[in-house]
Amino acid sequence: MSEKKNSFRFRFPEFLLIGLLLISNVILNFSGGGFILNLKKIGFTAISTVEKGVHFVTNGIADTFNAVKELKQLKKDYNDLVIKLENYEKMQRSNADIRKENERLKEQLDFAISLDEKNYPAQIISRDFDNVYTYLTIDKGSINGIKKNMPVIAYQNGNRGLVGKVVQVGTFTSQIMPVYNLNYIVSARIQNSRDLGLVNGTGSQDKPLLLQYIRKNVASDLSFGDIIVTSGENDNYLKDIPIGTISKITSLDYNSSLNIELIPIIDFSRLENVVVVNQKQLNDRKVE
């Protein structure tokens, strides 16, 4: 006798009942606002998340623009500071140059005052380096009392020295023939031995001067560095104004005198101010 197996089966009416119950529950939830509340919550969450993202991006962009703006401002401030620093350095250099110029002018003025002879401090305003017959032009002329053949001296690095003589005079300017001019000749003596000779230029401020007509038999009395000064003969120049120092002594068999080279006392490449001397008249500041 066969046994019947018990089995649980859903029939259509049962499925229909379950479906109706679910639909009823859904309708009740909708009518009670349950689903509407959930949708609002989901919508708010989504919108707030988007707003937060937009706010973050917007703030990021704004911060970037602000950073760029601040960087530009910093760069501008830096450039302004650099310019101010450069101007300050230029001002410092300018002040230093002015102080040095004042010191040179004071030195020149003190030297001019110390001279017994009437004199005219002047400034070199032009020179020609390419010509062996070069001349220096000064800013004083006949209107200032300058006359042709007046000697010109200078005070440089604590030493006075011969510059040359006036060869041409204009109303407001004058030309000086410097000692290194090829045509320049001046009577001179060796300061220590007092031997007499002639100094002439070689055409360039970078070349030595030549002292000639010094006898060979005095060679043992000479030394490198000995000072050569103006002789003061014929009243052409002040006496004992240094011209140069001995740098080389040559004895030639065919010549009865020594050939002596001199380094000028004055460094003409740095010479700016000179003093023109009138030997015929005393310095007004010396007259009481």
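User: What does D240 form a salt bridge with?
Analyst: With R194. The closest N and O atoms of D240 and R194 are 3.2 Å apart. Keep in mind that this is a predicted model.

User: Where do D240 and R194 sit?
Analyst: Both are in loops. D240 is in the loop between β9 (227–230) and β10 (242–251). R194 is in the loop between β6 (185–190) and β7 (196–200). The pair links distant parts of the chain, 46 residues apart.

User: Is D240 buried or exposed?
Analyst: In between. D240 is partly exposed, at a relative accessible area of 29%. R194 also counts as partly exposed, with 31% relative accessibility.

User: How many salt bridges does the structure hold?
Analyst: Six. One of them joins the side chains of R215 and D195, at 3.1 Å from N to O. R215 lies in strand β8 and D195 in the loop between β6 and β7, so this pair ties together parts 20 residues apart in sequence.

User: Is D195 buried or exposed?
Analyst: Buried. Its relative accessibility is 12%, and the cut-off for buried is under 20%. Its partner R215 is partly exposed, at 48%.

User: And which residue does D267 meet in a salt bridge?
Analyst: R270, at 3.8 Å from N to O. D267 is partly exposed, with a relative accessible area of 32%. R270 is exposed, at 64%.

User: Switching to the fold. How many helices and strands are there?
Analyst: Two helices and twelve strands. From the N terminus, the two α elements come before the β elements.

User: Which strands make the closed barrel?
Analyst: Six of them, in the order β6-β7-β8-β11-β10-β9, with antiparallel pairing. Neighbouring strands of this sheet are turned by 40° against each other on average, direction ignored.

User: How many bridges join β8 to β11?
Analyst: Five. β8 covers residues 209–215 and β11 covers residues 257–264, and the two run antiparallel. L209 has L262 in β11 as its bridge partner.

User: What about the surface? Which residues form a nonpolar patch?
Analyst: L85, Y88 and M91. Together they have about 310 Å² of accessible area. Y88 is in helix α2, residues 34–114. Y88 is partly exposed, with a relative accessible area of 45%.

User: Now whole-protein totals. What area does the protein expose?
Analyst: About 19700 Å². Carbon and sulfur atoms supply 56% of that. Of the 288 residues, 27% count as buried.

User: And contacts: what share joins residues at least 24 apart?
Analyst: 59%, among contacts between residues at least 6 apart in sequence.

Key. Residues numbered from 1 in each chain as written. Predicted model: local features only at pLDDT ≥ 70, side-chain atom pairs only at ≥ 80, totals over all residues. Heavy atoms only, no water. Helix = DSSP H or I, 4+ residues; strand = E, 2+ residues; numbered from the N terminus. Buried < 20%, exposed > 50% of the residue type's maximum accessible area, 1.4 Å probe, protein only. Contact = heavy atoms within 4.5 Å. Areas by Shrake-Rupley, 256 points an atom, 1.4 Å probe, with all protein chains shown as cover. Patch = residues over 30% accessible without salt bridge, like charges linked within 9 Å, V, L, I, M, F, W, Y side chains within 5 Å. Salt bridge = Lys/Arg side-chain N within 4 Å of Asp/Glu carboxyl O. Pairing = 2+ DSSP bridges. Axes fitted to C-alpha atoms, helices over the stretch in contact; angles between N-to-C directions.
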